[in-house]
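Here are a few exercises to work through with the structure open beside you. Try each task before reading its solution.

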Amino acid sequence: MEDKTVIITTLNEAWAANNSMIDVFLESFRIGINTSRLLNHLVIVALDDKAYTRCVELHPHCYDLTTKGTNFSGRAYFMTPVYLKMMWRRINFLRSVLELGFNFIFTDADIMWFRDPFLRFYPDAEFQIACDFFNGNTYDVNNSPNGGFNYVKSSKRTIAFYKFWYTSRLKYPGNHDQDVLNRIKHDPFVSKIGLHLRFLSTAYFGGFCQPSRDLNAVCTMHANCCTGLERKLNHLKAMLDDWRKFKSRPDSKKASGSTTWSFSTRCS
């Protein structure tokens, strides 16, 4: 983009299989409202060789981030050592993107993009992050952030924050990036460097934890509060079906009829 903003997601072999997570992720961009054009600004960061091979079959912008001595190809079950290493590899990589002078939206691949999110970002905020649960106050650090979706502008403050976030893993061993973020968001260092965190409303950036209920407003939906690849996929495919039905309605029915999800957003 003209302001040096890129959209970044990460991919391993498990999520790169045919008819798997990467396919529904890319499909959401294609059928969203004013989102297909954003695919040209999406970089898929492959964490293993097979993920990279599949990426180049599907998308023109792929980056090989394989790590020597680490196998990220299998299913990284929540909170296992491989999962933790993968999450922290991501944080360190995003810090390097900021150091190159690029702004980014980081998005997990289990997030469906239904509308251009830039219209819902705060123009004066350098670090904005989605929430598992949003309490209504975008400035309140007591919100529950989710590291799977954030918009970060490159600055001395955000670079310092990502360095602090990454090194804080040593202070809180055995915790993933989101848990550590929940600890350091109260740290005096954040206010010392002058970084103000902004938390995005689940009315626009929802998920299975706290869904965006209005299809006339939703920008993204995340398969959070949901474990297991098959469960996530089944729910996300049902979500895409709902979205297609919504888009096919006349505008008058979109405004007056039921505009919420027909499937259960509880992942079970």
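The exercises below go from the overall fold to individual salt bridges, all in a predicted model.

**Exercise 1. Work out how the protein is built and how compact it is.**

Start with the secondary structure: you should find 9 helices and 10 strands. Next, take the radius of gyration, which is 18 Å. The globule rule also gives 18 Å for 268 residues, so the protein is as compact as a globular protein of that length. For the outer dimensions, the C-alpha trace spans about 50 × 40 × 40 Å along its principal axes. Finally, look at the contacts with a separation of 6 or more: 69% of them are between residues 24 or more positions apart.

**Exercise 2. Describe what is buried and what the surface is made of.**

First the inside: 54% of the 268 residues are buried. Then the outside: about 12300 Å² is exposed, and carbon and sulfur atoms supply 51% of that. Now add the charges, with 34 positive and 25 negative side chains. The centres of those two sets lie 2 Å apart.

**Exercise 3. Find the salt bridge between Asp177 and Arg90, and say which helices it links.**

Check the distance: N to O is 3.0 Å. Then place the partners: Asp177 sits in helix α6 (residues 177–184), and Arg90 in helix α4 (residues 81–99). They are 87 residues apart, so this pair links distant parts of the chain. Last, check the burial: both Asp177 and Arg90 are buried.

**Exercise 4. Sort the partners of the Arg198–Asp124 pair into buried and exposed.**

The two side chains meet at 3.6 Å, N to O. Arg198 is in strand β8 (residues 197–199), while Asp124 is in the loop between β5 (111–113) and β6 (127–133), 74 residues away. Buried means under 20% relative accessible area. Arg198, at 6%, therefore counts as buried. Exposed means over 50%, so Asp124, at 60%, is exposed.

**Exercise 5. Do the same for Arg157 and Glu126, then look for a salt-bridge network.**

Arg157 and Glu126 meet at 2.7 Å, N to O. Arg157 lies in helix α5 (residues 156–171) and Glu126 in the loop between β5 and β6, so the pair ties together parts 31 residues apart in sequence. Arg157 has a relative accessible area of 34%, which makes this residue partly exposed. Glu126, at 17%, counts as buried. For the network, follow shared partners: Glu27, Arg30, Asp241 and Arg244 are joined into one. The whole structure has 14 salt bridges.

How values were computed: Residues numbered from 1 in each chain as written. Predicted model: local features only at pLDDT ≥ 70, side-chain atom pairs only at ≥ 80, totals over all residues. Heavy atoms only, no water. Helix = DSSP H or I, 4+ residues; strand = E, 2+ residues; numbered from the N terminus. Rg over C-alpha atoms; globule rule 2.2 N^0.38 Å. Buried < 20%, exposed > 50% of the residue type's maximum accessible area, 1.4 Å probe, protein only. Contact = heavy atoms within 4.5 Å. Areas by Shrake-Rupley, 256 points an atom, 1.4 Å probe, with all protein chains shown as cover. Lys, Arg positive; Asp, Glu negative; His and termini not counted. Charge placed at Lys NZ, Arg CZ, Asp CG, Glu CD. Salt bridge = Lys/Arg side-chain N within 4 Å of Asp/Glu carboxyl O.
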